[in-house]
Amino acid sequence: MKNESNSENLIRWFDPRSRKVGTWAFILNRITALGLTLYLFMHLIVLGNLARGPEAYDSFIAFAKNPVFIFGEMLVIAAGLIHGLNGIRIALNSFGVGVRYQKQLFLGLMLVAVAGIAVFARSMVFGGH
C-alpha cells in the first residue's frame, strides 16, 4: 500500500478520471443534498425578512428580478430534479427493482432531469419570470 499524504488523497478524491457512473450518482446526490439544505436555510431567512412588511416584500421582489438570483433559482430547480430522481432510483434499488440496470436507470433519469431543467429554464426566460 502506498504511503500518500492527505493532500494527495484530497486531490485524488476530486480527480474525475476513472470514476464510474455509480460514483458520479453518489457524488451528485450528496452535492445536491448539501445545496438544497443550504437553500432551505436561505429560504427561511428570506421568509423571516418578508414578515417585516410591504417594504421588505417590494425590496425582495426587485432583488428577485436580478439575473444572478434567477440563475440561483435554476440551480435550485436542477438540484431538486437531480436529487429527487436519483432518490427514486435509490429507493427502487432498495426494494430490489432495477438493481441490474442501475447505470441505465441513472442515465435515463438524469436525461429526464435535463429535460425538466430545460423546460423550467425556458419558462423562466421566456415566460416573463
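**Exercise 1. The core**

Which residues make up the largest nonpolar core? Work through the predicted model, and find out which helices supply this core.

*Solution.* Begin with the list of members: the largest nonpolar core has 11 residues, namely A25, M74, A78, I82, L85, F106, L109, M110, A113, I117 and M124. Next, assign these residues to elements, and you will find that those giving two or more residues to this core are α4, residues 67-94, and α5, residues 102-126. Finally, compare the shares: the largest one, six residues, comes from α5.

**Exercise 2. Two asparagines of one helix**

Determine whether N86 and N93 are buried or exposed, and list what each of them touches, leaving out residues up to four places away in sequence.

*Solution.* Take N86 first, whose place is in helix α4. Its relative accessibility is 0%, and because buried means under 20% relative accessible area, N86 counts as buried. If residues up to four places away in sequence are not counted, N86 touches A25, N29, F106 and M110. One of these partners, A25, can be checked from its own side, since A25 touches N86, R89 and F106 under the rule that leaves out residues up to four places away in sequence. A25, F106 and M110 are also among the members of the largest nonpolar core.

Now turn to N93, which is found in helix α4 as well. With a relative accessibility of 15%, N93 also counts as buried. Its contacts, again not counting residues up to four places away in sequence, are G98, V99, Q102 and L105.

**Exercise 3. Distance along the chain and distance in space**

How many residues apart in sequence, and how far apart in space, are I77 and G116, V99 and R89, and E73 and V99? Describe also the setting of I77, V99 and E73.

*Solution.* Start with I77, which lies in helix α4 and is partly exposed, with a relative accessible area of 24%. I77 and G116 are 39 residues apart along the chain, and their C-alpha atoms are separated by 8.7 Å.

Continue with V99, which sits in the loop between α4 and α5 and is partly exposed, its relative accessible area being 41%. From V99 to R89 the separation is 10 residues in sequence and 9.2 Å in space, taken from C-alpha to C-alpha.

End with E73, another residue placed in helix α4, which is partly exposed at a relative accessible area of 26%. E73 and V99 are 26 residues apart in sequence, while 33 Å lie between their C-alpha atoms.

**Exercise 4. A helix pair**

What is the angle between helices α2 and α3, and which residues make their contact?

*Solution.* First read the geometry: α2, residues 21-50, and α3, residues 54-64, pack at an angle of about 135°, and their axes are 8 Å apart. The two helices are therefore oblique to each other. Then collect the contact residues, which are V46, N49 and L50 on α2, together with A56, Y57 and F60 on α3. Sorted by character, the residues of this contact are five nonpolar, one polar and no charged.

**Exercise 5. Confidence**

Where in the chain is confidence lowest, and where is it highest?

*Solution.* For the whole chain, the mean pLDDT is 89, and 95% of the residues reach 70 or more. By element, confidence is lowest in helix α1, residues 6-14, with a mean of 78, and highest in α4, at 95. As a rule for reading such models, predicted coordinates should not be read in detail where pLDDT is low.

Terms used:
Residues are numbered from 1 along each chain as its sequence is written. This is a predicted model: local features need pLDDT of at least 70, side-chain atom pairs count only at pLDDT 80 or more; totals for chains, interfaces and linings use all residues. Side-chain values use heavy atoms; hydrogens and water are left out. Axes are lines fitted to C-alpha atoms, for helices over the stretch in contact, and angles run from 0 to 180 degrees between N-to-C directions. Helices (H or I, at least four residues) and strands (E, at least two) are DSSP runs, numbered from the N terminus. Angles under 35 degrees count as roughly parallel, over 145 as roughly antiparallel, 65 to 115 as roughly perpendicular and the rest as oblique. Contact means heavy atoms within 4.5 Å. Ala, Val, Leu, Ile, Met, Phe, Trp, Tyr, Cys and Pro count as nonpolar, Asp, Glu, Lys and Arg as charged, and the others, Gly among them, as polar. A nonpolar core is a set of buried Ala, Val, Leu, Ile, Met, Phe, Trp, Tyr and Cys residues joined through side-chain atoms within 4.5 Å. Buried means under 20% relative accessible area, exposed over 50%, partly exposed in between (1.4 Å probe, protein chains only). pLDDT is the predictor's confidence in each residue, from 0 to 100.
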